[in-house]
Amino acid sequence: MSIVPAGFGSAPSSNSDQADETLALEAFLPYRLARAAEMVSKQFAAHYRQQYGLTRPEWRTLATIGQFDRITATDIGRHSSMHKTKVSRAVRALEQRNWIVRTDDPVDRRIEHIGLTREGKRHYRELVRMARDYETRLVQTLGAAGARHLQSGLGAIETELSGE
């Protein structure tokens, strides 16, 4: 089921055959979503990279652990949409910083639970403030109504595509 109306974002043309064969990439909604997401992600990444030297996978891993308090690497990957090798490298890097601790599951030794250390919790709280400040600036750019519409639209897309 398509969630985008036919012809949405296509280049206008007086010749309908030509319009069907032409796509203005800059007006194509999936491209615009990906491009905007990449710009926002890069800009925010510059903030936490400068202050903490974190990579994107390290930031996403830390944010996920902080959100859930205690979680497995598999669940981090699922929640943050990261491949298991990226999660594994991020976990290792955060462990070297002494920001996380791994503990074996008492029932299944193959499973490790990951949580924040005292130092990790302190940095996580600082990063939460940084993330909220950044989000506030984005909302100011969009305006309150625009931010609500964007949240609603993203929710609709995520709901529609989550089953695929």
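These are my notebook entries on the fold, two helix pairs and one long-span helix check in this structure.

**Entry 1: overview.** I'm working from a predicted model. I counted the secondary structure before anything else and got seven helices and three strands. Reading along the sequence, I wrote the pattern down as α-α-α-β-α-α-β-β-α-α. Then burial: of the 164 residues in the protein, 27% come out as buried. For the surface I have about 11,600 Å² accessible, with carbon and sulfur atoms holding 52% of that. I also looked at contacts with a separation of 6 or more, and 50% of them join residues 24 or more positions apart.

**Entry 2: H2 against H3.** Next I wanted the helix packing. Two packed helices are described by the angle and the distance between their axes, so I looked up both. For H2 and H3 the angle is about 85 degrees and the axes are 10 Å apart. An angle from 65 to 115 degrees counts as roughly perpendicular, so H2 is roughly perpendicular to H3. On the H2 side I find Glu38, Ser41, Lys42, Phe44, Ala45 and Tyr48 making the contact, and on the H3 side Arg56, Trp59 and Arg60. Sorted by class, this contact has four nonpolar, one polar and four charged residues.

**Entry 3: H3 against H5.** I stayed with H3 (residues 56–68) and turned to H5 (residues 84–96): their axes come within 9 Å and cross at roughly 80 degrees. That makes H3 roughly perpendicular to H5. H3 contributes Pro57, Glu58, Thr61 and Leu62 to this contact, while H5 brings Lys86, Val87, Ala90, Val91, Ala93 and Leu94. What does the contact of H3 with H5 look like by class? I get seven nonpolar, one polar and two charged residues.

**Entry 4: H6.** I ran a length check on H6 (residues 118–142). At 1.5 Å a residue its 25 residues should span 36 Å, and the end C-alpha atoms are 36 Å apart, so the two agree. Which residues of H6 are buried? My list reads Gly120, His123, Leu127, Met130 and Tyr134. I then asked what covers them, and the cover includes helix H2 (29–52), H3 and strand S3 (112–116). H2 and H3 are the pair from Entry 2, with axes 10 Å apart. Last, I looked just past the end of H6, where Gly143 takes a positive phi of about 85 degrees.

Technical notes. Residues are numbered from 1 along each chain as its sequence is written. This is a predicted model: local features need pLDDT of at least 70, side-chain atom pairs count only at pLDDT 80 or more; totals for chains, interfaces and linings use all residues. Side-chain values use heavy atoms; hydrogens and water are left out. Axes are lines fitted to C-alpha atoms, for helices over the stretch in contact, and angles run from 0 to 180 degrees between N-to-C directions. Helices (H or I, at least four residues) and strands (E, at least two) are DSSP runs, numbered from the N terminus. Angles under 35 degrees count as roughly parallel, over 145 as roughly antiparallel, 65 to 115 as roughly perpendicular and the rest as oblique. Contact means heavy atoms within 4.5 Å. Ala, Val, Leu, Ile, Met, Phe, Trp, Tyr, Cys and Pro count as nonpolar, Asp, Glu, Lys and Arg as charged, and the others, Gly among them, as polar. The expected span of a helix is 1.5 Å times one less than its number of residues. Buried means under 20% relative accessible area, exposed over 50%, partly exposed in between (1.4 Å probe, protein chains only). Accessible areas come from the Shrake-Rupley method with a 1.4 Å probe; for residues, only the protein chains shown count as cover.
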